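I opened the model to look up a few points on packing, pairing and chain contact. My entries are below.

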Amino acid sequence: MLIPLSWLKDFVDIDIPPELLAETLTAAGLEVDKITYIGVPQTQPAHLHATFKQDVRYPKSDHLVWDREKLLWGAVKEVKAHPNADRLVLAMVDYGADALEQCVTGAPNLFEFKDQGPLPQPLYTVIALEGAEVWDGHSDEPKRMILKERPLRGIPNRSMVCSDKELGISDEHEGIMLFHEDLGHKPGTPAQDVLGDVVLNVELTPNLARAFSVFGVAREVASLLDKPLRAPAYDVVMDGAPIDGHVAIDIRNPELNPRFTLSLLRDITIKPSPDWLQRRLKLVGQRPINNIVDVTNYLTFELGQPLHAFDYDKLVARAGGKAPTIITRLPEPGEKLETLDEVTRTLDPHNILVCDTAGVLSLGGVIGGAETEISDTTKDVLLEAASWQFINIRRTMSTQKVFTDAGARFSRGVHPSQAILGVKRGIELMRQISGGVVAKGIIDEYPLPPETVRVALTQFEIDRILGVHFSAEEAAALLRRGGFEVTVEGETLHVTAPDSRMDISSDPIIGQADLIEEIARISGYAAIPNTIIADEMPDQRPNPAIEREEKARDLLVALGLRENISYRMTTPEREAQLVPPGMASSLPEADYVRLANPISAEKTVMRHTLLISLLENARANARFNERQQLFEIGNVYLKLGKAPLPDEPRKLGILMVGKRGVPGWMHGEESGTVDFFDLKGVIEGLLDGLHIEGASYARAEHTSFHPGRSAQLVLDGQGAGVFGELHPMIARTFGFEDMPVQAAELDLEALLAKTDPLHDVQPLPLTPPVFQDIAFIVKESVTAAQAEDVIRKAGGDLLKGVQLFDVYTGEPVPAGHKSLAYNLTYQTDERTLTDKEVASVHAKIVKLCERELGAQLRA
Amino acid sequence: MLEQLETQYKDAAAALEQISDSAALAAWERDTLGRGGWLTGMLRGVGQLPAEERAAFGKRANELKVALTGAYEAREELIKAQELARNLEEGQIDVTLPGRPRPTGGLHPSTQTLRQFAHVWADMGFQVFRSREVEDDDTNFTLLNMPPHHPARDMQDTFYTTEPNVILRTHTSPGQIRAMRELGEDGTKPIRVILPGMCYRYEQITARSEIQFHQVEGLAIGRNIRMTDLKGTIAAFARRMFGADAQVRFRASYFPFTEPSMEVDVECFLCHGDGCRVCKYSGWLEICGSGMVHPVVLRNGGYDPSVWSGFAFGFGPERMTMLMHGIEDIRYFWGNDLRFLEQF
């Protein structure tokens with residue numbers, strides 16, 4: 001929202017620089033995110049520091065500062081033809097000097113005044129004298145220039161009448177800036193003092209509906225700076241016949257439309273608005289249209305009370321020549337309206353409408369209809385100022401997809417008391433600038449006045465919430481600055497909220513909180529001291545799920561993996577890529593959490609698996625990386641049964657692909673491509689680090705994986721996830737042709753539940769170990785796990801360690817067989833083992849392996 | 001015999017002088033003083049000499065043995081010194097060659113920042129509380145004082161699901177309600193938690209805005225929690241996070257679930273308040289929204305707002321990470337480009 005300081009000062013005196021005002025507003029919750037300077041200099045920080053003892057920081061502005069000597073308010077007294085050029089004229093300008101200055105200019109908007117002799121009414125503009133700095137009007141890029149004397153087609157020329165663009169007001173450079181009034185300043189006045197301004201861009205949070213206008217901001221400024229607030233004039237000159245009998249109002253839904261007011265202005269002339277009004281509208285970003293429409297916009301921006309003007313004669317025609325009745329109601333089924341934006345709308349059942357007996361006129365509080373709008377031939381104006389329930393207006397704007405300045409204000413809340421003020425100020429302004437006569441009286445239907453909000457606030461409550469002591473009188477004084485009426489009774493404040501404060505609740509507890517905030521805000525948050533919490537410390541609780549998860553992350557990083565965090569939205573089709581064509585899916589059978597308003601076709605549901613994003617990440621990274629070892633920890637979302645909310649179990653996904661070692665400059669050290677056992681090594685490392693005992697591995701039955709090179713992790717008889725080589729068809733889908741991709745998706749919660757934070761630590765052995773190797777040949781079908789079980793069973797207590805160090809097939813091992821070789825460690829704390837003892841255990845191992853595994857000892 | 005001893009001694013001593021590497025020295029030692037060496041052999045043969053020659057020969061042979069041993073040790077020392085010198089001279093490598101790369105892993109930058117937060121807040125007694133991401137509309141909005149069609153709902157564009165009233169949480173604040181109901185024991189116990197987690201907003205994905213981002217919400221509930229405590233606690237956090245002299249300022253703001261509400265700015269840690277591009281020349285960086293828990297929210301959490309009070313705050317770890325490391329594009333975070341991740 002743009003707030004010109006020149007307009008703001010109509011309502012409150014401001015004796016601090018704009019930068020400090022911006023800082024004050026920002027601290028109070030009206031965030032000023034930009035200050036725009038028009039012609040006037042920026043305040044120097046050193047000046048702020050010296051004069052106001054404030055260190056306020058703001059970006060240095062690169063706007064054009066209008067030279068007070070060389071850019072002056074000028075009056076064009078006559079426009080003469082240029083003797084040598086048809087496309088140039090000579091503007092004779094009074095800028096306060098003894099003689100008129102002759103400016104050669106090509107401004108097309110002066111041509112209509114050419115050769116008319118001295119003008120009966122001078123035209124006002126800004127004249128730049130030799131040496132003045134202005135923006136180059138002909139440059140596409142912002143470029144400054146210094147005005148130099150330069151004859152134009154044989155006529156000496158040392159000054160210039162300026163366009164908006166040359167002064168940095170707007171991009172307008174078609175013609176020069178022209179006013180028909182002197183704006184209260186004599187020729188020769190520095191242009192800064194006439195047109196110079198500062199515009200604040202204020203961002204409003206939803207609770208600040210009351211400040212959604214120049215006057216609304218002025219009210220905040222007045223309370224923050226503790227200055228008096230000057231209300232605008234609401235007097236109306238009513239010289240016309242009484243309005244009674246010329247229009248009636250019928251409100252059908254007072255809860256949606258608590259108030260509706262009308263005033264009638266007759267015999268007007270539609271024409272452009274006066275310069276001062278047009279200028280203000282432009283400063284707040286509006287395009288002037290005509291004197292009637294401009295006033296409705298002006299009041300929207302000045303008071304925050306939007307107005308709507310009807311062509312009264314069209315209403316009379318619709319009523320068959322009789323006095324029209326304005327009806328506010330909800331639509332009939334299928335009713336339609338063509339609005340000012342040339343859209344024909346089918347109305348929703350909740351859209352509150354302004355109608356007459358012939359049908360719909362406008363979408364109440366949001367946008368007018370095309371049929372009864374003001375036109376160039378309008379003679380009589382019926383002016384509406386109404387009040388609307390803000391929630392309903394919000395719904396209408398959202399379902400009708402229409403955004404207007406009026407709707408923006410009504411949808412945040414405008415108090416019904418404002419309607420009568422808006423209609424009075426609006427009709428009077430229209431009267432002044434359109435030459436019409438106001439009918440006596442205002443039609444004011446007010447079926448549902450809101451209750452006045454009264455709150456009792458104790459000083460104890462202020463202390464309790466803020467932690468800083470205000471006396472009842474101090475608190476009352478702070479509230480009064482914002483227009484609250486306060487009576488103090490002992491330690492209790494009896495507060496009546498002003499109409500503008502629709503944010504103050506009548507609920508006793510909430511209302512107190514609202515007032516406490518106001519007291520803190522007006523006193524300034526900076527004035528509230530900092531303390532350390534003195535309240536009792538809550539019971540601290542263990543947080544194993546989170547602590548263990550972080551431990552798992554650390555372990556995975558130590559194992560060389562890089563953490564990913566991916567979008568948690570995907571599509572069923574993306575996830576279906578994990579199912580090879582023609583095979584059944586092994587993905588979770590739950591339903592998806594489906595988005596009703598997906599942001600893109602690529603993100604329609606919440607994921608069921610982490611593997612897709614890891615594969616997609618790996619595919620994207622493959623261009624730049626020969627080796628990727630990734631993991632992600634996060635939720636999947638499984639909609640189960642009838643429960644509206646899904647399960648959100650946490651999963652661990654791992655993906656490894658490419659070279660085993662990190663490629664460097666020494667040849668041959670990368671040593672191959674990662675395989676199943678690299679991945680298993682990571683999983684074993686993780687289980688070790690988490691002190692999870694008793695993991696076992698079974699063949700996986702998961703169609704996303706290679707049937708022979710994947711495993712299920714089993715913890716205490718329960719499956720805790722799958723890992724292994726992805727099915728080659730899936731790897732290929734993600735661009736890994738002939739490049740095995742190792743992947744895991746583990747149930748993190750099951751895993752972490754099995755960690756043993758109190759695992760026993762073995763004492764360091766006091767006796768020396770005895771090492772022996774054993775190698776034997778078994779059938780291929782014997783698994784490493786089976787072999788180790790047998791060795792350990794036979795080895796008993798004396799066998800401390802079993803380490804497989806070689807698996808071999810090929811000559812001289814017979815076909816269908818393999819050789820397994822182990823380092824065995826024998827040790828007991830009780831004594832140093834003798835060779836004889838070791839030999840006896842070793843023999844037992846050999847014998848049991850022969851018997852149970854069909855093993856054949858190798859030499 | 002003695003003559004032969006002397007000759008061989010001379011030859012051996014001379015040969016020793018010529019030796020310049022440890023392999024030749026070892027061979028000399030083996031042939032001369034070693035078990036099979038000539039001198040050892042001669043000494044061993046003393047018994048076979050005529051008795052009258054034995055004493056003199058034995059004496060002389062031992063003398064020469066001592067002399068040769070001494071010379072050998074001196075030579076050995078010399079050669080070692082020479083070899084060391086040679087090694088130091090010749091063993092030069094190109095120290096500018098890159099090292100042998102080690103496989104290293106790493107945590108995602110968001111995780112690192114989240115941990116930093118959790119760590120600092122844990123020191124102040126705020127424990128982590130985790131809460132769901134797919135939420136019901138009530139918990140995400142209504143119970144937080146944002147009834148249907150409340151204007152504040154416009155501040156948070158929402159992902160809806162096909163299940164009525166089920167949405168993706170737009171902030172971690174619904175965790176406040178869940179924490180109060182789960183830990184508060186019907187409004188009888190104080191609470192101090194942080195709620196880190198992923199949130200979702202229906203927005204265009206651009207360099208500045210994401211549909212998915214982390215928040216770290218904080219909540220303190222007690223019988224004596226005041227706005228001064230909120231200010232002091234946030235200021236203490238800022239000092240821990242950004243340095244002992246970190247300045248903070250509090251600006252009035254609006255969140256439906258707190259009142260009074262405030263934005264917290266920390267003095268720009270890049271320009272120390274002088275004004276720079278990152279802080280848009282304001283000298284301040286917005287780091288956190290905060291406020292006193294709204295009475296409606298306390299009530300919905302099971303607490304009596306006339307007895308209990310509390311404060312809440314919320315940080316954006318990705319934004320913080322971006323500020324700290326000069327990251328200009330928030331899309332890097334979920335892009336998982338290793339060239340980005342490996343910089344952390």
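The entries cover the contact between chains, then a sheet, then a pair of helices.

Entry 1, the interface. I noted beforehand that this is a predicted model. I looked up the contact between the chains and found 82 residues of chain A touching 81 residues of chain B. On the chain A side, I listed the elements that supply at least two residues each; among them are α2 (18-27), α10 (390-399), α16 (544-558) and β29 (627-635). Which element of chain A gives the most to this side? I found that α15(A) does, with eight residues. I then sorted the chain A side by class and got 44 nonpolar, 21 polar and 17 charged residues.

Entry 2, a sheet in chain A. I traced an open sheet of five strands in the order β11-β14-β17-β18-β19, with mixed pairing. At its edges I have β11 (248-251) and β19 (367-368), each pairing on one side only. I then checked β17 (residues 353-356) against β18 (residues 359-363): the two are antiparallel and share four bridges. For Cys355(A), I recorded Val360(A) in β18(A) as the bridge partner.

Entry 3, two helices in chain B. I looked up α5 (residues 109-123) and α10 (residues 317-325), whose axes come within 9 Å and cross at roughly 105 degrees. Angles of 65 to 115 degrees count as roughly perpendicular, and I therefore logged α5(B) and α10(B) as roughly perpendicular to each other. From α5(B), the residues in this contact include Leu114(B) and Phe117(B), and from α10(B) they include Met320(B) and Thr321(B). By class I have five nonpolar, three polar and one charged residue in the contact of α5(B) with α10(B).

Notes:
Residues are numbered from 1 along each chain as its sequence is written. Chains are lettered from A and ligands numbered from 1 in the order in which they are written. This is a predicted model: local features need pLDDT of at least 70, side-chain atom pairs count only at pLDDT 80 or more; totals for chains, interfaces and linings use all residues. Axes are lines fitted to C-alpha atoms, for helices over the stretch in contact, and angles run from 0 to 180 degrees between N-to-C directions. Angles under 35 degrees count as roughly parallel, over 145 as roughly antiparallel, 65 to 115 as roughly perpendicular and the rest as oblique. Two residues are in contact if their C-beta atoms, placed from the backbone, lie within 7 Å. Ala, Val, Leu, Ile, Met, Phe, Trp, Tyr, Cys and Pro count as nonpolar, Asp, Glu, Lys and Arg as charged, and the others, Gly among them, as polar. Two strands pair if DSSP finds at least two bridges between them.
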